[in-house]
Amino acid sequence: MATSVSLSFSSSLLPSPLHHSNNSNTNTRTHQPKLRLVRCAYSACSATSVSSPKKKHWKQGEFPGTTESFVPRRTPLKNIKKKLDRKNNARAWVNTVTEALSDRILKKHWSQALEVFEMLRGQPFYYPKEGTYMKLLVLLGKSGQANRAHQLFDEMIEEGLEPTAELYTALLAAYCRNNLIDGAFSVLNQMKSLPRCQPDVFTYSTLLKACVDASRFELVDTLYQEMDERLITPNTVTQNIVLSGYGKAGMYDQMEKVLSGMLESTGCKPDVWTMNIILNVFGTKGQIDSMERWYEKFLNFGIEPETRTFNILISAYGKKRMYDKMSLVMEYMRKLQFPWTTATYNNVIEVFAEVGDVKHMEYTFDQMRAEGMKADTNTFCLLINGYANAGLFHKAEDLMEMERVFKRMKDNQCEPDSRTYSIMVEAYKKEGMNDKIYYLEQEKQRMIPSGSLSE
């Protein structure tokens, strides 16, 4: 059967012998058996149901006469295993070192993070991505290493990674966090010269905050003008940053000008953060009338207060000893089912501590504990300060009370800060207790690193 199929297929490609009638008898005899064999093959295929191999459908480029397929030589299994082991080991090494890099960044160990990064970058199969450079730039900026951040940025460009506006903004932020305003403006000018790295609202917001924090308000107007020329509209976050800066500097006219612009704007509306900033500015300055006037304006504008809003009002009224209004706000919070937080109680405790009203201070603290609210470091600092302001440390038992609060503070895992130690040292100084001061200073050096003493 196999012979008949191959012959029948070959005869379809060659001229049939039946058309050559003038051939000699010898030629006829030699072709006759082939014809009969071909005819038998066709008849066998059509008359019987015996299955035959399917004809191969040749693809373009294949030769029909070729029946043998090329079998490439296989690589020995042991060589494949070695290659796979090398790849897996390299991949495992990269994953381990990459995890180490992420760990150093998370722990803010910038020098160790750069060492690990250099180790990775030296491998031929590792190609750092934009996100990795972004994390390192942010880390260096927060660690006070603006110049090192710029060096890393230059190395990134030398390696062929195309910078983006986001990466430039991260570099600019590194300068801003370290109050290097001139360096930040230099980065901004470089961005403006690159078509694909034009500054956006986030770039300007970062630079505006740096100028506000540095009290460089003359630059704020320049940046606003530049944003207007570039058709960049400040967002609510940007305006809140500027509002807070103007308020802290006592520039109320400029603050209200920006705020009025927000109220009239269609794309930059004030929010509850705006409300809290304005109320806190006037409340801290003791300008209760202005605070209440703006509170009503925000309510009429449709902005709903939150817990922090009420805490600001409580603190402002308390510092002016307007206890009736302070109590009304607290009752209003209960009525609206706003929870009294640790910050709420701290505000009330601070009010009584500042005037040395130990009775009401302790009552508030007891109520705080009764409601299951956890005291924090600030709570205990306020208590100690309250006892000191009350002048209760003129007797041995009163000093013991201060030490008892201090011990409770540490037992509650509320680490004392510089303010705590300063309050206690001042109390001991009034009594000439130099030995107590010495032990406190020794404990302070152990508990608080030298780089964390600034408040």
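Reader: Hi! How much of residues 341-375 is helix, and how far apart are the end C-alpha atoms?

Author: Hello! That stretch is 74% helix and 0% strand, with its end C-alpha atoms 10 Å apart. Helices (H or I, at least four residues) and strands (E, at least two) are DSSP runs, numbered from the N terminus. This is a predicted model, where local features need pLDDT of at least 70, side-chain atom pairs count only at pLDDT 80 or more, and totals for chains, interfaces and linings use all residues. Residues are numbered from 1 along each chain as its sequence is written, and side-chain values use heavy atoms, leaving out hydrogens and water.

Reader: Thanks! What does UniProt call residues 341-375?

Author: An unreviewed UniProt entry gives them the feature "repeat: PPR", and also lists residues 164-194 among others. UniProt positions follow the numbering used here, feature names are shortened, and annotations may be inferred rather than shown by experiment. Residues 164-194 are 81% helix and 0% strand, and their end C-alpha atoms lie 10 Å apart.

Reader: And how many helices and strands does the protein have?

Author: There are 22 helices and zero strands.

Reader: Cool. How do H14 and H15 sit against each other?

Author: The axes of H14 (residues 288-301) and H15 (residues 307-319) come within 11 Å and cross at roughly 160 degrees. Axes are lines fitted to C-alpha atoms, for helices over the stretch in contact, and angles run from 0 to 180 degrees between N-to-C directions. H14 and H15 are therefore roughly antiparallel to each other (angles over 145 degrees count as that, under 35 as roughly parallel, 65 to 115 as roughly perpendicular and the rest as oblique).

Reader: Which residues of H14 and H15 make the contact?

Author: On H14 they are Ile288, Met291, Glu292 and Tyr295, and on H15 they are Thr309, Phe310, Leu313, Ala316 and Tyr317. Contact means heavy atoms within 4.5 Å.

Reader: New topic: is Arg196 buried or exposed?

Author: Arg196 counts as exposed because its relative accessibility is 68%. Buried means under 20% relative accessible area, exposed over 50%, and partly exposed in between (1.4 Å probe, protein chains only). Arg196 lies in the loop between H8 (181-192) and H9 (201-213).

Reader: What does Arg196 touch, beyond its sequence neighbours?

Author: Leaving aside residues within four places in sequence, Arg196 is in contact with Glu162 and Ala165.

Reader: Why does Asn385 count as buried?

Author: Because its relative accessibility is 13%. Asn385 lies in H19 (residues 377-389) and touches Ala353, Glu354 and Ile423, not counting residues up to four places away in sequence.
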